[in-house]
Each structure stands twice: as structure tokens, then as C-alpha cells.
Amino acid sequence: MDAIEQRTGKLDATGLKVAVVAARFNEIIVERLVAGATDTLVRHGADPGDITVVWAPGAFELPVVLERIAAKGEVDAIVAVGCVVRGETPHFDYVAGEAARGIAAVARTHGVPVGLGVLTTETFDQAVARAGGKLGNNGADAALAAVETADLLRSL
Ligand code: INI
């Protein structure tokens, strides 16, 4: 039997142009997600000069900002980061749902990988744990996913 072809993306950000799009709401958390994303990109080979951090007011605004960046066609990957805490708003489901739906739509429409680094938690403490605390850094994880997917898309 012939060998089965398998394709995966490499975790190599060398030469990639990346936008990190951050929602400023819950900024203490989100700045840690931004740091996790940018540190991870650089540690995997990205040139700091090829990384742009863009700040939107809240997670609800992420899709429209992502849409503009993706439509310009100047980046190979995008990392979207934000923090939506259920306890803070009765609009949690709208804000979190629209952010996730919009992020996915932009990625599919433009064929640009967008790492989903928007925390959606019940409490602020749960967000702290996932923003460089004991449960890792969601921004770093999203950056890795975007880098891997960008490389995978190149090979398909
Ligand atoms: N935006 C967030 O990013 N996180 C939140 O937890 C949040 N809460 O709690 O309301 C939030 N609201 C703002 C929203 O994203 C928009 O900026 C706002 O509704 C204006 O359009």
C-alpha cells in the first residue's frame, strides 16, 4: 500500500507578517494576552518589525477591525485577543458570541488564519489563570494556532 500523505503546519513564524488585534476591555488581562502572543511569535521566528498590535475598544468590535485588516491582504496571520467575563455583563452571550462568529467569518472569507485568543470566563480569576497564570496564556496558544495554520494553508 502507498504511504498515506499527511500534511500539518510547522510552528515557524519566520518571515510571517502578523497582526495582533486586541480588545481593550479588561485591559489588565488583555495586555498579558498581547504579551503572550507577541513573545510567542518572536520566539518562533517572527521579526518584531513584522508584528503590528492593533487595539479595538471591546471584543464586540474585533470582527470589523479584523475584517479591515484581512481585506487589505497585507498579513499572513492574525491573532485576536480579548476577555469577556460573564459576571460583568448581561450581554455576555451577545458580546462573546458575536466576537467568535465574526472572527470565524473573517478567517473564512479572506482565507487568513485568525487565532482565537478571546477568553470567555465566568469570573475574573478564571481569566487571570488563562492570561499567563496557572492555566497558561490563551494569547500564546492562539498565536501558535495562527502560525501553524498559516503554514498549513501554504501547503494546501
Ligand atoms: N467587552 C469585552 O471585551 N469584554 C467584556 O467583558 C465586556 N463586557 O463585560 O461588557 C465588553 N463589553 C463591551 C463591548 O465589547 C463593546 O465594546 C461595547 O458594547 C460597545 O460596542
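Begin by selecting Lys-10 and Asp-151 together, where the backbone nitrogen of Lys-10 lies 2.7 Å from a polar atom of the side chain of Asp-151. Keep in mind throughout the tour that the structure on your screen is a predicted model. Asp-151 belongs to helix H5, and, once its neighbours within four places in sequence are set aside, this residue is in contact with Thr-8, Gly-9 and Lys-10. Is Asp-151 buried or exposed? Its relative accessibility is 10%, and because buried means under 20% relative accessible area, Asp-151 counts as buried.

**The ligand**

Next, select the ligand and display the residues around it, of which there are 12, the closest being Ala-59, Phe-60, Glu-61, Cys-83 and Thr-89. Three polar approaches can be picked out one after another. An oxygen atom of the ligand is 2.8 Å from a polar backbone atom of Ala-59, and an oxygen atom of the ligand is 3.1 Å from a polar backbone atom of Phe-60. With Glu-61 it is the side chain that you should show, since one of its polar atoms lies 2.5 Å from an oxygen atom of the ligand. On its own the ligand has 460 Å² of accessible area, and the protein covers 74% of this.

Now colour the shell around the ligand by residue type, and you will find seven nonpolar residues, three polar ones and two charged ones. Which strand gives the most to this shell? Select residues 77–85, which form strand S3, the element that gives the most, with three residues.

**The nonpolar cores**

Hide the ligand for a moment and turn to the largest nonpolar core, which has 26 residues; the members that touch the most others are Val-20, Ile-29, Leu-41, Val-79 and Val-81. To see where this core comes from, select strand S1 (18–23), helix H1 (27–43), S3 and helix H5 (138–154), each of which supplies at least two of its residues. The element that gives the most to this core is H1, with six residues. As a general matter, nonpolar side chains tend to be buried together in soluble globular proteins.

Centre the view on Val-81 and, leaving aside its neighbours within four places in sequence, look for its contacts, which include Val-20, Val-21, Val-30, Leu-33, Leu-62, Val-118 and Gly-139. Apart from the largest core lies another one, of 22 residues, and you can find it by selecting some of its members, among them Leu-66, Ala-96, Ala-107 and Val-118.

**Val-65 and Thr-121**

Move on to Val-65, which is found in helix H2 (residues 62–72). With a relative accessibility of 22%, Val-65 counts as partly exposed. Its contacts, leaving aside neighbours within four places in sequence, are with Val-21, Val-54 and Ala-56. If you draw a distance between the C-alpha atoms of Val-65 and Leu-41, which are 24 residues apart along the chain, the separation is 21 Å.

Finish at Thr-121, a residue of strand S4 (residues 114–121). Thr-121 is buried, with a relative accessible area of 5%. Which backbone atom lies 2.9 Å from a polar atom of the side chain of Thr-121? Select Thr-123 to find out, for it is the backbone oxygen of that residue. Then show Val-84, Val-85, Arg-86, Phe-92, Gln-126, Ala-127 and Arg-130, which Thr-121 touches when residues up to four places away in sequence are not counted.

Methods. Residues are numbered from 1 along each chain as its sequence is written. This is a predicted model: local features need pLDDT of at least 70, side-chain atom pairs count only at pLDDT 80 or more; totals for chains, interfaces and linings use all residues. Side-chain values use heavy atoms; hydrogens and water are left out. A residue is near a molecule or strand if one of its heavy atoms lies within 4 Å of it. A polar contact is a pair of N or O atoms within 3.5 Å; within protein, one must be able to donate a hydrogen and the other to accept it, and residues adjacent in sequence count only if both atoms are side-chain atoms. Accessible areas come from the Shrake-Rupley method with a 1.4 Å probe; for residues, only the protein chains shown count as cover. Helices (H or I, at least four residues) and strands (E, at least two) are DSSP runs, numbered from the N terminus. Ala, Val, Leu, Ile, Met, Phe, Trp, Tyr, Cys and Pro count as nonpolar, Asp, Glu, Lys and Arg as charged, and the others, Gly among them, as polar. A nonpolar core is a set of buried Ala, Val, Leu, Ile, Met, Phe, Trp, Tyr and Cys residues joined through side-chain atoms within 4.5 Å. Buried means under 20% relative accessible area, exposed over 50%, partly exposed in between (1.4 Å probe, protein chains only). Contact means heavy atoms within 4.5 Å.
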